[in-house]
Amino acid sequence: LWLSLSRRLSPLAFAGGVAVPDQLFWRLESRRGQGIRSRRSEALGALAPVSARLCSGVDWADFRQREFPSSGEWVYLDHALRGPIPLSVQRASQVALLEASGGRRARGAQTSRLSSLRTRLLSLVGWSEAEGGVCLTANTTTALGLLAASLPWNSGDRVLLHEDEVASNRRAWEAAAAAHELQLVVLPSRDGRLELNDLAAACREPVSWASFAAVSLVTGDVRPLAQIRALVAEAGGRLCVDAAQGAGCVRLGAADAIAGSGRKWLCGPPEVGFLLMRHSASQDLRPFTGGACSGPGVQVLEGGVPPLLPAIGLEASLELLSGLGWAEIEGDLRERGEEVRRAGLEAGWKLAFDLPSARSGAIVHFQLPPGSPADLEDQLEARGVIARVAKEQRTLRVSPHAWTTSAEIESFIERTRDLCR
């Protein structure tokens, strides 16, 4: 009922806008004596059989028609920075805002959605509630900072990082090192890769924690997390995974702590992040802040009320994508990344990093030739292409999603061929 009426009364919501028929929702509630959330669940539930049918050989054309109907004019290749928000996620966020306008009457429904989000996040990484917990944050940076600042450090503890880690992952541990006299060991980058031999050498001495990205934003390197965790564990340490570029793209369960964000590959609204932590690693946390909303395990780090509205949007995004199948999404993501690499090489472009196929994913860096326009990113956008220029590296970063089409990749090459040679 909500879907059919809102199509008539709120066409903007189905074209990427934000208009919401609020009077409609409150009339429905007063007539039926039930909350908005039940209508939202029934409406989205009607789509579940469709999602289930897509799990074997996903029909991405149908998915895009339903979730991104106005995306045809753009070639969107910057999911590593921010993913577009599907229509069903927009609707869930709009409903949550309407619920919040009712004050404390919405508390029960929203608490239930937050509980569902925690369960879905654990399921995303293959953990059960008996194995780990969830702390909701504003973003990945906050999650990493909370973890590094709250661990029970001893002077001289060794922490392993990698040269290609982004600032958010480096600075959290650098701050902890300065406060607790820790020893930071930075592994070198080998043509954009984290080499297991370097890690094994660093693990010949005791390790407290290691923190590495699941997928390097800087190079696109997909790290072998299971092997990394095994080496760190042999040295007595624990592994934190920066999953900003990994959540929804690769398997993440081989970790003791996982920090991530919903606004990239998960296509959730900004700004909500999360810190997942195994119970075995969270028992001795020393939170530097707290509040009435703190919970057990890693949830003790939440302190106050989590970012409610974007968190509910993220729950809807996880509901949508998990219905398609994480394995299917991961496999198609790798195929799209490989297709981008092939198309670029055929056009005469050069890859910035020599990554083996097993370590290549959906983030692709092409070298920018000397003399490339300083405003290349703006010129690309003027041609209908959304991609990222990494100015310090002088690379063009391309990050398709599973539903990016071959026609879009070909169009991207044609629209940018003269700018990137």
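Trainee: How many aromatic pairs does the count give, and what makes two rings a pair?

Mentor: The count comes to nine aromatic pairs. Rings of Phe, Tyr and Trp (its six-membered ring) pair if their centres lie within 6.5 Å; planes under 30 degrees apart are stacked, over 60 edge-to-face, and the rest tilted. This is a predicted model, in which local features need pLDDT of at least 70 and side-chain atom pairs pLDDT 80 or more, while totals for chains, interfaces and linings use all residues. Residues are numbered from 1 along each chain as its sequence is written, and side-chain values use heavy atoms, leaving out hydrogens and water.

Trainee: Why is the pair of tryptophan 349 and phenylalanine 366 called edge-to-face?

Mentor: Their centres are 5.1 Å apart and their planes make 80°; the limits are met, and therefore the name applies.

Trainee: Which parts does this pair tie together?

Mentor: Tryptophan 349 lies in the loop between helix H14 (326–346) and strand S9 (364–367), and phenylalanine 366 lies in S9, so the pair ties together parts 17 residues apart in sequence. Helices (H or I, at least four residues) and strands (E, at least two) are DSSP runs numbered from the N terminus.

Trainee: What makes strand S2 (132–137) and strand S4 (183–187) edge strands?

Mentor: The open sheet has seven strands in the order S2-S8-S7-S6-S5-S3-S4, with mixed pairing. S2 and S4 each pair on one side only, where pairing requires at least two DSSP bridges between two strands.

Trainee: How do you know that strand S6 (residues 238–242) and strand S7 (residues 257–261) pair?

Mentor: They share three bridges, in the parallel sense, and the rule asks for at least two, so they pair. One bridge partner of cysteine 240 is alanine 257, in S7.

Trainee: Why is the largest pocket called a pocket and not a cavity?

Mentor: On a 1 Å grid over the protein atoms alone, a cavity is a set of points where a 1.4 Å probe fits but cannot get out, whereas a pocket is an open set with protein on both sides within 12 Å along at least five of seven lines; lining residues have an atom within 4 Å of a point. The largest pocket holds about 560 Å³ of space, a volume being the space filled by probe spheres set on points joined across faces, edges and corners. Its 27 lining residues include Val166, Ala167, Leu217, Val218 and Arg397, the closest to its centre.

Trainee: What is the volume of the largest cavity?

Mentor: The largest cavity has about 70 Å³, and there are two cavities of 30 Å³ or more. Among the residues lining the largest cavity are Trp265, Glu330 and Arg334.
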